[in-house]
Amino acid sequence: RQALARGELSLHFQPKVNMRRGSVVGFEALLRWEHPQSGLVPPKDFLPLVEETDLIVDIGEWVMDQVMTQVHQWQLAGQSWPVSINIAARHFQRADFVDRLKSVLERHAQVAPQMLDLEIVESVAIENIQHVSTCLEACQALGVRFSLGDFGTGHSSLSYLKRLRAQTIKIDRSFVRDILNDKDDLALTTAVIGLARAFGREVIAEGLETMAHGELLLRLGCEVAQGYFIARPMPASEVPGWVATFKAPMEWQALAQAV
């Protein structure tokens, strides 16, 4: 709470890239804590504790405000990149979530709501499917986009996917990481891509670690990915320079023309 009040929290942005086109299609905003004594504290060292308290609501809304402000700054510089943020279960399941989201959008009326992509993990979505489905549709009515993260790690069924009308499904990094040498993870990844296509959803792969991972994903029909091979999360100030120099590997471009 003191870190939030003192301005010690910041956001880093990880690019999402269309490997077929070689273009940057958006970013994911990721929280960082710049502790005055300990230096940069990774999210895994403090977020799990915070998510058990209502402080996560304050932090979540701070993140939304920061993202919308940053998107506006990029727009003024002639750039248009949508940004996704992760919404904690405790935050999303509040009865007033939609009303408070509406207030955030009104504070940033110069930014189209479609530039904000809210990501909830599959396990949260299926805990209270009726509330989540209703809330998701209300948010989408405001123009905000939704992604379903960690897909395949929970216990969802096809009926859940039908009811949760998120625009994007994210393939969990735990599957993507081993698709080159684990037949089961390859089968799961192939199945998720097939499901996304069948339901008319976009699909994005997390945790892209090598060029070969990208080639295989392209062959499977997944064009958008993020991960350390593309870029690590970076401060907003570094984003324009990185985008200006980004080039997709020639192997991806050659594969894109062949497939």
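Visitor: Why does E202 count as partly exposed?

Guide: The relative accessibility of E202 is 45%. Buried means under 20% relative accessible area, exposed means over 50%, and partly exposed is in between (1.4 Å probe, protein chains only). E202, at 45%, therefore counts as partly exposed. Please note that this is a predicted model, in which local features need pLDDT of at least 70 and side-chain atom pairs count only at pLDDT 80 or more, while totals for chains, interfaces and linings use all residues. Residues are numbered from 1 along each chain as its sequence is written, and side-chain values use heavy atoms, with hydrogens and water left out.

Visitor: What makes E202 and R145 a salt bridge?

Guide: A salt bridge requires a side-chain nitrogen of Lys or Arg within 4 Å of a carboxyl oxygen of Asp or Glu. The closest N and O atoms of E202 and R145 are 3.2 Å apart, so the condition of the definition is met. This pair links distant parts of the chain, for E202 belongs to strand β8 (residues 202–205) and R145 to strand β6, 57 residues apart. Helices (H or I, at least four residues) and strands (E, at least two) are DSSP runs, numbered from the N terminus. R145, at 22% relative accessibility, counts as partly exposed.

Visitor: How do you know that R173 and E206 meet in a salt bridge?

Guide: Their N to O distance is 4.0 Å, and the rule asks for a value within 4 Å. R173 is in helix α9 (residues 173–176), whereas E206 is in the loop between β8 and α11 (211–220), 33 residues apart. R173 has a relative accessible area of 41% and is partly exposed, but E206, at 5%, counts as buried. Both residues belong to a network of salt bridges that also includes E28, E119 and K170. By the rule for salt bridges, the count comes to 14.

Visitor: How many aromatic pairs are there?

Guide: The count comes to 9 aromatic pairs. Rings of Phe, Tyr and Trp (its six-membered ring) pair if their centres lie within 6.5 Å; planes under 30 degrees apart count as stacked, over 60 as edge-to-face and the rest as tilted.

Visitor: Why is the pair of F27 and W74 called tilted?

Guide: The ring centres of F27 and W74 are 5.7 Å apart and their planes stand at 35 degrees, so the pair is tilted. F27 lies in strand β2 (residues 23–35) and W74 in helix α3 (residues 55–76), so the pair ties together parts 47 residues apart in sequence. F27, at 0% relative accessibility, counts as buried, and W74, at 4%, counts as buried too.

Visitor: Why is the pair of F92 and F146 called edge-to-face?

Guide: The centres of these rings are 5.7 Å apart and the planes are at 65 degrees, so the pair is edge-to-face. F92 lies in helix α4 (residues 89–92) and F146 in strand β6 (residues 145–151), so parts 54 residues apart in sequence are tied together.

Visitor: What makes the charged end of R232 sit over the ring of Y228?

Guide: A charge sits over a ring if NZ of Lys or CZ of Arg is within 6 Å of the ring centre and within 35 degrees of the ring normal. The charged end of R232 sits over the ring of Y228, 3.9 Å from its centre.
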